[in-house]
Amino acid sequence: MGDWRKNIRTVEPYVPGEQPKYEDMIKLNTNENPYPPAPGVEKVLKSMETGDFRLYPKPDARELVDALAAEYGVPAEQVFVGVGSDDVLGMAFLTCFCGDKEILFPDITYSFYPVWADLFRIPYKRPALDENFRIKKEDYFVPNGGIVIANPNAPTSIALPLADIEEIVKHNPDSVVIIDEAYVDFGGESALPLVEKYDNLLVVQTFSKSRSMAGMRIGFAIGNRELIDAMYAVRNSYNSYTMNMPSILCGVEAVKDRAYFDKTRTAIMETREDTAKKLTALGFTVLPSATNFLFAAHESVPAEELFAMLREKHIYVRYFKQPGIQNYLRITIGTPEQMERFVAEVEQYLADRI
Ligand code: PMP
């Protein structure tokens, strides 16, 4: 037996929600958008010449970067694009958290953060949320090697007011503060306007939720130019062509269609409020959501039991067997019809169970 194993990197990977495929299934487990992408996406995809795929894509993903810069009112030099926000966040961790001090992120948040920290050997500390699942801003007013906050947070769905985010950024001039805004378009306040004021702020967003393009894998970050240059230097030391041609061109179409973006995200927010009301009436505690999902616990029926019951019926929601949240289900908002069926199944189960 050789000894090569001692040179292997061993890591505990992030495990995404399952992707089952059944005709009749209602998939509310990975926070995807139930509506198709903007109509322009299909048009541009159909117009593509496959012969063009012979060539490498533009390494700077110019068209997409320009479209994002125009939409968010920043110079193109302040925009970084990547293969979903997971890629962008991974690159941001690798670029921005190179000190010896511990980085900070909440104990209950996106479970990929500790995975990147472990992979890149970044020490970290996880301040606890308060008893209402809220981030306590004061926990981030201590010396640290960097901060990452999902706002709105996942899986809690709760948004922190922008004034609190600003205080955290202001208190930490010696650290990069990453705000992961994967869900911000469903009712949160974006920190993008603060980028001009604070050079230590990096705002990360994705096309996977509000732009219905999880399968295309597009994410982006906006920050001051020096920070973005540093991220591209790291990215280009690893892989210069992360963005493929269809993603670049389809991404542009999604960004351009503001009316469609507003229509679909508004529909989701309306369905969310309606579903929250119905679940509350059925005995659930539903946390106040500024996202495209609900985080809810029933007063008497364990979440794991509801999760298993729904799964049997091919309705998939997310359950985290994690201390502090093991009685909660994370339920992605689908179409009104999908949510009606979900609520009806839960209602029936609760009625039969007594
Ligand atoms: N941040 C948060 C908080 C998320 O929940 C997700 C979705 N898993 C992501 C980032 C990454 O999404 P994507 O890579 O599809 O942009």
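L104 stands opposite I147 of strand β5. This is a predicted model. The strand before that pairing is β3, residues 103–104, and two bridges join β3 to β5, residues 146–150. The two run parallel.

Both strands belong to an open sheet of seven strands. Its order is β2-β8-β7-β6-β5-β3-β4, and the pairing is mixed. At the edges stand β2 (79–82) and β4 (124–125). Each has a single partner strand, so one side of each lacks a neighbour in the sheet.

Helices α2 and α6 pack on this sheet. Helix α2 touches β2, β7 (201–206) and β8 (219–223). Helix α6 also touches β2, β7 and β8.

A second sheet is open too, with four strands in the order β9-β10-β13-β12. Here the pairing is antiparallel. The edge strands β9 (284–286) and β12 (318–319) each pair on one side only. β12 pairs with β13, residues 329–332, over two bridges in the antiparallel sense. Within this pair, R318 stands opposite R330 of β13.

Helix α10 packs on the four-stranded sheet, in contact with β9, β10 (293–298) and β13.

The table gives the direction of each helix against one strand.

| Helix | Residues | Reference strand | Angle between directions |
|---|---|---|---|
| α2 | 62–72 | β2 | about 130° |
| α6 | 225–235 | β2 | about 30° |
| α10 | 336–353 | β13 | about 145° |

Key. Residues numbered from 1 in each chain as written. Predicted model: local features only at pLDDT ≥ 70, side-chain atom pairs only at ≥ 80, totals over all residues. Heavy atoms only, no water. Pairing = 2+ DSSP bridges. Contact = heavy atoms within 4.5 Å. Axes fitted to C-alpha atoms, helices over the stretch in contact; angles between N-to-C directions.
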